[in-house]
Amino acid sequence: MSVNISLALKLKAASEAQHILDEVAGVTAVVIATPDGFEIASASLRSFDPSRIAAMASSISAMGAVVSQEARLGRCKCVTVATDDGFALFSPVRNPETELVVNVLASADAVLAQAMYRTAACVKLLEAHKAGWRPARINE
């Protein structure tokens, strides 16, 4: 059963997914999901099933967390899967409202460091997002 996620967080996640896709050359898809495998936002350059990516990525992210914990390496920030034709990044988000996983799929043309840097910025932004937050008015 998935946690209820605010519309504001879903909109922020959708915006960030699209920004990663637009800003990092070679990224082909971004899926932001709950740790239990439910997609809340996605952006893609090709046809794919984001719900399948979300479901599989939750398991991969969980394995990364367990391995880093067992090895006493600290909190898992990213799991990378390298393939013949590119790579996939799985980065956990620990937001006060809920936990999420940012999944970035990229072709062999993508630069891993650029994708990791932009994904880390997305994670930081989503972790800082607070439920019910709104900007203060100047005259308040």
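The following exercises, each with a worked solution, concern the predicted model shown above.

Residues are numbered from 1 along each chain as its sequence is written. Because the model is predicted, local features need pLDDT of at least 70 and side-chain atom pairs count only at pLDDT 80 or more, while totals for chains, interfaces and linings use all residues; side-chain values use heavy atoms, with hydrogens and water left out.

**Exercise 1. The sheet**

Determine the order of the strands in the open sheet, and state which strands stand at the edges.

Solution.
- Step 1. Strands (E, at least two residues) and helices (H or I, at least four) are DSSP runs, numbered from the N terminus. Two strands pair if DSSP finds at least two bridges between them.
- Step 2. The sheet is open, has five strands in the order β2-β1-β5-β4-β3, and pairs in the antiparallel sense.
- Step 3. β2 and β3 each have a single partner strand and therefore stand at the edges, with one side of each left without a neighbour in the sheet.
- Step 4. On average, neighbouring strands of this sheet are turned by 10 degrees against each other, direction ignored. Axes here are lines fitted to C-alpha atoms, for helices over the stretch in contact, and angles run from 0 to 180 degrees between N-to-C directions.
- Step 5. As general background, strands of a sheet pair through backbone hydrogen bonds, either parallel or antiparallel.

**Exercise 2. Strand β1 and its partners**

Describe the pairing of β1 with β2 and with β5, and decide whether β1 is enclosed.

Solution.
- Step 1. Antiparallel pairing links β1 (27-33) to β2 over five bridges. Within this pair, V30 stands opposite A43 and I32 stands opposite A41.
- Step 2. β1 is also joined to β5, by six antiparallel bridges; there, A33 has V101 as its bridge partner.
- Step 3. Buried means under 20% relative accessible area, exposed over 50%, and partly exposed in between (1.4 Å probe, protein chains only). Seven of the seven residues of β1 are buried, so the strand is largely enclosed by the rest of the structure.

**Exercise 3. The turn after β1**

Locate T34, state whether it is buried or exposed, and identify its side-chain contact.

Solution.
- Step 1. T34 belongs to the loop between β1 and β2 (39-44).
- Step 2. Its relative accessibility is 2%, so T34 counts as buried.
- Step 3. A polar contact is a pair of N or O atoms within 3.5 Å; within protein, one must be able to donate a hydrogen and the other to accept it, and residues adjacent in sequence count only if both atoms are side-chain atoms. The side chains of T34 and D36 make such a contact at 2.3 Å.
- Step 4. The hairpin of β1 and β2 has five residues between the strands, and among them G37 takes a positive phi near 95 degrees.

**Exercise 4. Helix α2**

Check the span of α2 against its number of residues, and find what its buried residues pack against.

Solution.
- Step 1. The expected span of a helix is 1.5 Å times one less than its number of residues.
- Step 2. α2 (residues 50-70) has 21 residues and should span 30 Å; its end C-alpha atoms are 30 Å apart, so the two values agree.
- Step 3. The buried residues of α2 include I53, A54, A57 and S61. With contact taken as heavy atoms within 4.5 Å, the buried residues of the helix pack against β1, β2, β3 (79-83), β4 (86-94) and β5 (99-107).
- Step 4. Just after α2, R72 takes a positive phi of about 55 degrees.

**Exercise 5. The cysteines**

Explain why C122 and C78 are not bonded to each other.

Solution.
- Step 1. A disulfide is a pair of cysteine sulfur atoms within 2.5 Å.
- Step 2. The closest cysteine sulfur to that of C122 is in C78, 12 Å away, which is too far for a bond.
- Step 3. A search of the whole structure finds zero disulfides.
- Step 4. C122 is buried at 0% relative accessibility, whereas C78 is partly exposed, with a relative accessible area of 28%.

**Exercise 6. The loop at E97**

Place E97 in the fold and relate it to N4 and S6.

Solution.
- Step 1. E97 lies in the loop between β4 and β5 and, at 23% relative accessibility, counts as partly exposed.
- Step 2. E97 and N4 are 93 residues apart along the chain, and their C-alpha atoms are separated by 9.1 Å.
- Step 3. A polar atom of the E97 side chain lies 2.6 Å from the backbone nitrogen of S6.
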